Amino acid sequence: IPSGTGQNFQSGAISSTAYFRRIITAGVCAGSTSNSIEISLLPSITGNLVGANQTICSGSQPANLTGSSPLGGSGAYTYVWQSSPDNLNWNNVTGGVAPTYQPPVLNSNVYFRRIVNSFHCADTSNVVALDVNQPLVNNLIISDQTICAGVAPSQLSGSVLTGGNGSPSYSWESSPNGIAWAPVPGANAQDFAPPIPGATIYYRR
């Protein structure tokens, strides 16, 4: 090795298993050849995939995070799961050392990934996003009305909802007694203009 003339030697990148030894010469004395060392080249870890993204409601527990079986390395693997609130800053998950991971009950968005180690090889998986929707609040409609027979009620106005994914869908229901409810066909907007009723009727959204 042209550059291998010092007491120690730093090998460059190798593409296959290689063996090294050192020969020392001093004056006219016969050289001394060291023992040989083997540098084994392990294949890179592949197949480290976890999934999939989930959307859940706040206060719910996500489904178990599963991962594919990795290949490469030495064939023996250890695992480290990591979490992040922003997909930038990562921390190891306490107890997350199995091929799969069960996240706890969540109240905010969080990201997960899995690191697979095999001897000196390591690989980081794709990122799984757990999108946590906050509870729907402020679902209020106004207001009770007293009308004369044959007169159409005023429009029922509904407040703007907060929570969820920010894109709510609506369904209005009616009842003759406030107990048994049925969907109002076509009433899928934030507000609702009731038709002329034939008797006292109740609505909810």
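## A tour of the strands

In this predicted model, begin by selecting Gln-134 together with Gly-164, because Gly-164, which lies in β15, is defined here as part of a strand and is the bridge partner of Gln-134. Colour β12 and strand β15, which covers residues 162-164, and you will see two strands that pair in the antiparallel sense over two bridges.

**Around β12**

Keep β12 selected, and add strand β6, residues 54-57, whose pairing with β12 (residues 128-137) is parallel and runs over four bridges. To look at one place in this pairing, pick Thr-55, which stands opposite Asp-131 in β12.

Next, select strand β10, which takes in residues 110-118 and is joined to β12 by three bridges, the two strands running antiparallel. Here the residue to pick is Tyr-111, which has Ala-129 of β12 opposite. As you turn the view, it may help to remember that in a regular strand the side chains alternate between the two faces of the sheet.

**The sheet of β16, β17 and β18**

Now move along the chain and select β17, β16 and β18, three strands that form an open sheet in exactly that order, with antiparallel pairing. The strands β17 (182-183) and β18 (202-204) stand at the edges and have a single partner strand each, so one side of each is left without a neighbour in the sheet. Then show strand β16, residues 173-175, together with β18, and look for the three bridges that join these antiparallel strands. One residue to pick in this pairing is Glu-173, whose bridge partner in β18 is Arg-204.

**The whole chain**

Finally, clear the selection and zoom out until the whole protein chain is in view, where the secondary structure comes to 18 strands and zero helices. The radius of gyration of the chain is 34 Å, well over the 17 Å that the globule rule gives for 205 residues, so the chain is more spread out than a compact globule. If you rotate the C-alpha trace, you can follow its span of about 125 × 25 × 25 Å along the principal axes.

With the surface switched on, you are looking at about 13400 Å² of exposed area, of which carbon and sulfur atoms supply 54%, while buried residues make up 25% of the 205 residues in the chain. Among contacts between residues at least 6 apart in sequence, 56% join residues at least 24 apart. As a last selection, show the 6 positive and 7 negative charges of the protein chain, whose mean positions are 19 Å apart.

Definitions and conventions:
Residues are numbered from 1 along each chain as its sequence is written. This is a predicted model: local features need pLDDT of at least 70, side-chain atom pairs count only at pLDDT 80 or more; totals for chains, interfaces and linings use all residues. Side-chain values use heavy atoms; hydrogens and water are left out. The radius of gyration is taken over C-alpha atoms; the globule rule is 2.2 Å times the number of residues to the power 0.38. Buried means under 20% relative accessible area, exposed over 50%, partly exposed in between (1.4 Å probe, protein chains only). Contact means heavy atoms within 4.5 Å. Accessible areas come from the Shrake-Rupley method with a 1.4 Å probe; for residues, only the protein chains shown count as cover. Lys and Arg count as positive and Asp and Glu as negative; His and the chain ends are not counted. The place of a charge is taken as NZ of Lys, CZ of Arg, CG of Asp or CD of Glu. Two strands pair if DSSP finds at least two bridges between them.
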